[in-house]
Amino acid sequence: MLKVGVMVSGGGTNLQAILDALDAGRITNAKIEVVISNNPGAYALERAKKHGIPAVCMSPRDYESREAFNQAFLDKVNGFGLDLIVLAGFLVKIPEAMVAQYEHRIINVHPSLIPSFCGVGYYGLKVHEAALARGVKVTGATVHFVDSGMDTGPIILQKAVEVQEGDTPEILQRRVMEQAEWVILPKAIDMIANGQA
């Protein structure tokens, strides 16, 4: 049984997609052990509690230094004995020590077809604003392993989504979530849980 920790900063729609896939049997051999957020107001924490999953809030703001937070964060994560860490809209830089310790065991979902619109500064609506400004006809989402770079790790799955006439960043963001992120993130977890990635 793959022990999974999900890290999220906001509403937790990707977390909900994972929970729904677990409930429906589209993810097998996996269990969410903990949901961690840096934001005490994150609705994702409520989603976790409703599913009986431990919900933990840890913010760098609550520590005297980034180093102190990074160590506490790593200690907390290690306490759950996780096999896989899933970054589902987590807006905190993962400490280098955690990336090294969990090599090929941290995955991230990014709302573009990497290598387009990724890296430093590309997150949330900024990704979709950039895609629309560039005039791309196709965008999408990527699930990749996390390495020491920003959105540079090996790609597991990608799914394309068409840009439509009249799209706003918000409309495009929603379509990418519904048609790509919520599909490929659960699928990637299932693949890893069953030795296919």
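**Asp-151 and the strands around it**

In this predicted model, Asp-151 sits in the loop that links strand E6 to strand E7 (155–162).

Reader: Which side chain of opposite charge is nearest to Asp-151?

Author: Asp-151 is buried but forms no salt bridge. A salt bridge would need a side-chain nitrogen of Lys or Arg within 4 Å of a carboxyl oxygen. The nearest side chain of opposite charge is 10 Å away, and it belongs to Lys-93.

Reader: Which backbone nitrogen does the side chain of Asp-151 reach?

Author: Asp-151 touches several residues beyond four places away in sequence, among them Cys-118, Gly-119 and Tyr-122. For one of these, Gly-119, the side chain of Asp-151 reaches the backbone nitrogen at 2.9 Å. A polar contact requires N or O atoms within 3.5 Å. The backbone nitrogen reached is that of Gly-119.

Reader: Which residue of E6 stands opposite Asn-108?

Author: Asp-151 touches Asn-108, His-110 and His-144, among others. Strand E5 (residues 106–110) is joined to E6 (residues 138–145) by four bridges, and the two run antiparallel. Val-109 has Val-143 as its bridge partner in E6. Opposite Asn-108 in E6 stands His-144.

Reader: Which residues of E5 point the other way from Ile-106, Asn-108 and His-110?

Author: In a regular strand, side chains alternate between the two faces of the sheet. In E5, Ile-106, Asn-108 and His-110 point one way. Five of the five residues of E5 are buried, so burial does not separate the two sets, given that all are buried on either side. The residues pointing the other way are Ile-107 and Val-109.

Reader: In what sense do strands E4 and E5 pair?

Author: Strand E4 (residues 84–87) is joined to E5 over three bridges. Ile-85 stands opposite Ile-106 in E5. E4, helix H4 (residues 96–101) and E5 make a right-handed β-α-β unit. The pairing of E4 and E5 is parallel.

Reader: Why is E6 largely enclosed by the rest of the structure, and how many of its residues are buried?

Author: E6 pairs with E7 in the antiparallel sense over seven bridges, with Ala-141 opposite Lys-159 in E7. E6 is also joined to E5 by four bridges. E6 counts as largely enclosed because of its buried residues, which number seven of eight.

Methods
Residues numbered from 1 in each chain as written. Predicted model: local features only at pLDDT ≥ 70, side-chain atom pairs only at ≥ 80, totals over all residues. Heavy atoms only, no water. Buried < 20%, exposed > 50% of the residue type's maximum accessible area, 1.4 Å probe, protein only. Pairing = 2+ DSSP bridges. Right-handed = clockwise from strand over helix to strand, strands pointing away. Lys, Arg positive; Asp, Glu negative; His and termini not counted. Polar contact = N/O pair within 3.5 Å; in protein donor to acceptor, adjacent residues only side chain to side chain. Contact = heavy atoms within 4.5 Å.
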